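Q: I'd like a close look at one part of this model, with its surroundings filled in as you go. Take your time over it.
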Amino acid sequence: MSDTEEDNEISFPVKFLGRVEVVRSDGLEILSEAAQSLKTPDPFSSEKAARKSKVHLFLSLSGIDILENKTKFLLYSCPLSTISFCAVLPSSPKVFGFVARHPAADTNHCYLFQSQAFSHLLVSVIGDAFRASKKEESIRGGRDLIVEALRHKNKVLQRENEELKRRLAGQSN
């Protein structure tokens, strides 16, 4: 586990088990079904062909990036706003995963990983990042409302100032 201070990004080396398209966006059953699906060989699935490789999970307030270990090639990038569920697989405590909505298509994918020691920690950290991201989004949204309110107030005061200038100019004539 490494932490990059300037990016507020955390990196975890894990084994990538695969990515599976799922019908629902949450629930432990989804993780179990996805894990079972990955155990079933499918020669036509490129998703399953690329599995069981070492990867680095890079977690930041913007999302989760999955990079191939040796080449650092970006395999997948999942904005935190697309992630709907994250948990450790109850039947296999070293396996964890998350479900994310595809940003361009109306589909959900379950990403599964294995970590010898950090599964519960990773799920907790992803959950914390998700909550922090939502809080930051909420604060940003609140700031936007405040800025809009101040702009409106500024316009009202400018109109009032113009009116007072006209009255003052009319009195001095």
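How many residues lie between β6 and β7 in the hairpin that they form?

A: Six residues sit between β6 and β7 in that hairpin. Before going on, note that this is a predicted model, where local features need pLDDT of at least 70 and side-chain atom pairs count only at pLDDT 80 or more, while totals for chains, interfaces and linings use all residues. Residues are numbered from 1 along each chain as its sequence is written, and side-chain values use heavy atoms, with hydrogens and water left out.

Back to the hairpin. β6 (83–88) and β7 (95–101) run antiparallel and are joined by five bridges. Strands here are DSSP runs of E, at least two residues long, and helices are runs of H or I of at least four, numbered from the N terminus; two strands pair if DSSP finds at least two bridges between them. One spot to look at is A87, which faces G97 in β7.

G97 leads straight on to the next strand, since its other opposite number is L112 in β8. β7 and β8 pair in the antiparallel sense too, this time over seven bridges. They also make a hairpin, again with six residues between the two strands. β7 itself is mostly covered, with six of its seven residues buried (under 20% relative accessible area with a 1.4 Å probe on protein chains only; over 50% is exposed, in between partly exposed).

On β8, have a look at H109. This histidine counts as buried because its relative accessibility is 7%. Setting aside neighbours within four places in sequence, H109 has contacts (heavy atoms within 4.5 Å) with R19, V20, E21 and V22, and also with F98, V99, A100 and H102.

Both strands feed the largest nonpolar core, meaning a set of buried Ala, Val, Leu, Ile, Met, Phe, Trp, Tyr and Cys residues joined through side-chain atoms within 4.5 Å. Of its 23 residues, I64, I66, F96, F98, Y111 and F113 touch the most other members. Elements giving two or more residues include β2 (9–22), β6, β7 and β8, but α3 (119–172) gives the most, with five. L112, the partner of G97, belongs to another core that lies apart, which has 15 residues, among them L31, A34 and L38.

Two of those core residues, I64 and I66, take us to another run of strands. β4 (63–68) pairs with β3 (53–59) in the antiparallel sense over five bridges; F58 is opposite D65 there, and three residues separate the strands in their hairpin. On its other pairing, β4 runs antiparallel to β5 (74–79), also over five bridges, and I64 has C78 as its bridge partner. That hairpin has five residues between its strands, and K72 in the turn has a positive phi of about 60°.

How far can you trust all this? The chain's mean pLDDT, the predictor's confidence in each residue from 0 to 100, is 79, and 77% of residues reach 70 or more. β8 has the highest mean of the elements, at 93, whereas strand β1 (residues 2–4) has the lowest, at 45. Residues 1–7 fall below 50, although this stretch has twelve contacts in the model beyond near neighbours in sequence. Where pLDDT is low, the predicted coordinates shouldn't be read in detail.
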